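Thanks for coming, everyone. Today I would like to walk through some side-chain pairings and the core packing of one model, so please have a look at it first.

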Amino acid sequence: QPLSLNELPAGSLGGWTDLYVEEGRALGLAEAQALLHEGKFHPGGQPILSQGIGSKPRWLHLALINPTAAPISLKLAVGTTWTDRIDTYLVHDGQPTLNWQTGDELAQAPGLSQGIGYILSPGFAPGRSDLFLRVDSTDPLIFPIELLTDEQARELQQRVHYSYGFIFGFMMALAAYNATLFFGLRKRSHLYYAVYLVSLVVLIACYTGHGFAWLWPDRPQVQRYAILVAMVIYGCCGLLFASRFLALKEHAPRVLRFVQSFAAAGLAAIAISILLDSQLAAALVAFNFAALFSVSMVLLGLLTIRNSRPSGRYFLIAAIFGMLGAGSTTLAVWGGIPFNAVTYHALEFGMVIEATLFALALSYRFNEISGSLVEINALNDQLSAEVAERKKMEEQIRQLAFHDSLTELPNRRLLLDRLEQAVAASKRKKSYAALIFLDLDNFKPLNDLHGHVVGDLLLMEAATRLQACVRETDTVARFGGDEFVVMLNDLGEDQSASFALARTVAEKILAAIAGPYRFTLAHSDETVADVEHNCTASIGVVVFTDHQGSPDDLIKWGDDAMYRAKMAGRNTIRFFGQPD
Ligand SMILES: Nc1nc2c(ncn2[C@@H]2O[C@H](COP(=O)(O)OP(=O)(O)OP(=O)(O)O)[C@@H](O)[C@H]2O)c(=O)[nH]1
């Protein structure tokens with residue numbers, strides 16, 4: 001029963017066709033017509049003919065009738081963009097009126113419509129027409145046939161263009177975002193993810209015919225393998241990303257080796273198929289690889305879940321969507337499940353969901369890392385604080401070891417060290433230095449009368465006064481009890497000038513110490529008492545240069561001279577080596 005062009009059903013017209021499978025040599029139109037007359041064609045049955053990889057060429061016949069008095073022009077949309085060869089004949093009143101060849105075997109394939117197939121604009125004269133289509137494809141043979149009005153065809157093309165615009169835009173934006181993240185964060189998962197997305201865009205561009213239409217329209221030999229190679233590369237990029245994201249190297253090195261071998265085997269097999277120029281072998285490799293790839297992604301996700309890595313959960317869900325999508329489309333194109341809009345576009349739906357979930361997985365991973373970074377920073381701060389505290393303690397220990405805790409002046413140990421340096425320096429510079437040994441006079445009665453606290457206050461005050469008498473480069477040390485030692489460096493090369501200088505300082509010290517001391521004491525019964533005390537010092541001075549003595553000698557000589565000052569009635573100065 002011819003199909004009326006006035007009342008065309010929606011969707012693919014495969015159910016209205018008659019079908020003949022070519023055995024052996026290729027037939028011409030006349031032979032096909034004869035076979036149709038002989039009743040050798042059988043009903044097409046399914047709306048979309050789907051025969052899988054490497055099927056035999058087929059003839060399809062569609063009887064049509066234009067019941068109007070005027071010619072009707074329609075759009076005939078047939079095949080998929082990867083169909084190798086389509087020969088279309090329109091016969092009116094037994095006479096061929098149209099003979100049209102296309103398919104991705106031909107350069108500048110006529111009528112190629114990206115994302116749809118091939119679109120032809122036949123005119124149907126009033127009365128009966130017979131449409132004969134010979135289709136030959138090593139790539140999976142999927143053959144929708146639709147007759148559309150100009151308006152419907154335009155709408156279909158627009159819809160397809162917008163959908164792919166969205167898919168390409170979404171994937172490329174995500175890829176660019178992840179590439180940027182990689183350059184910012186130097187995390188290779190982001191880079192591999194960007195590469196994986198780009199490989200997916202390339203794959204989609206290949207099988208929708210965008211590549212063939214825009215990039216290599218004159219190279220059908222490229223088109224012959226482009227989709228199949230893109231399928232394998234896409235799988236390898238997916239595995240690369242998964243291996244990195246799931247850190248297989250660290251957590252499952254054996255699985256990583258297996259994944260690497262699988263990817264290498266896929267690449268080698270497709271390369272060999274191309275070298276042998278076997279499109280059939282390449283198609284079998286690509287489809288088997290794609291199917292195994294989908295399964296491996298899910299297995300990898302399961303493996304990481306088993307190893308209780310939380311980001312593996314996102315990965316698994318994403319991989320399941322990806323697998324359902326890629327698996328459905330692969331099987332539909334391969335001929336395993338019915339080919340329709342849903343199964344055909346399942347890959348794209350699945351991938352948009354997968355990409356979104358992978359992006360979530362990556363941000364989750366990012367959160368995990370920044371969480372650890374915050375912890376590390378906190379630990380670092382704690383550690384820095386502890387190091388600072390330790391340094392402070394060390395400083396305190398050094399202070400205690402080399403300083404007197406009451407007056408904070410250098411103690412005897414540091415004094416000996418400085419004396420050693422001073423002796424060495426005077427030797428080097430040939431200049432004089434002086435050691436002033438000082439003992440407070442009648443200090444004990446102060447302690448006895450007012451207590452040790454007052455004695456301490458006086459010692460501290462005496463230390464301050466001593467420091468005020470000398471230069472910063474000189475040293476004032478507490479030798480012990482009420483004894484202090486002042487060292488004067490660099491008095492010059494002249495002996496008598498050095499003696500004079502040392503005397504001047506000693507006298508200055510004598511005067512400074514002799515000033516009255518006033519303290520206000522707060523007793524435990526909350527009464528306050530003012531204490532005034534006059535104190536003097538006996539001073540022994542040693543002026544030395546070069547190797548006149550060791551530090552111990554110098555101190556001893558200073559002590560002797562001081563003792564002479566005590567003997568001379570206190571509050572006076574005596575020089576070592578000089579008569580009284
Ligand atoms: N308050 C206080 N007293 C101290 C400290 N170290 C030593 N003394 C006291 O200082 C006194 C030192 O006495 P001496 O130097 O022997 O005698 P002095 O009374 O000063 O008499 P001369 O030196 O002979 O004039 C002792 O009574 C010590 O107990 C200290 O750190 N604080």
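Lys429 and Asp490 meet through their side chains in a salt bridge, at 3.3 Å from N to O, where the term stands for a side-chain nitrogen of Lys or Arg within 4 Å of a carboxyl oxygen of Asp or Glu. The pair links distant parts of the chain, since Lys429 sits in helix α11 (residues 412-429) and Asp490 in strand β18 (residues 483-492), 61 residues apart; helices (H or I, at least four residues) and strands (E, at least two) are DSSP runs, numbered from the N terminus. Lys429 is partly exposed at 41% relative accessibility, and Asp490 is partly exposed at 41%, with buried meaning under 20% relative accessible area, exposed over 50%, and partly exposed in between (1.4 Å probe, protein chains only).

I should say that this is a predicted model, in which local features need pLDDT of at least 70, side-chain atom pairs count only at pLDDT 80 or more, and totals for chains, interfaces and linings use all residues. Residues are numbered from 1 along each chain as its sequence is written, and side-chain values use heavy atoms, with hydrogens and water left out.

A second pair is Lys56 and Glu23, whose closest N and O atoms are 3.0 Å apart. Lys56 lies in the loop between β4 (49-52) and β5 (58-66) and Glu23 in the loop between β2 (18-21) and α1 (29-37), so this salt bridge ties together parts 33 residues apart in sequence.

Turning to the interior, the largest nonpolar core (buried Ala, Val, Leu, Ile, Met, Phe, Trp, Tyr and Cys residues joined through side-chain atoms within 4.5 Å) has 110 residues. Helix α5 (residues 220-245) gives the most to this core, with 14 residues.
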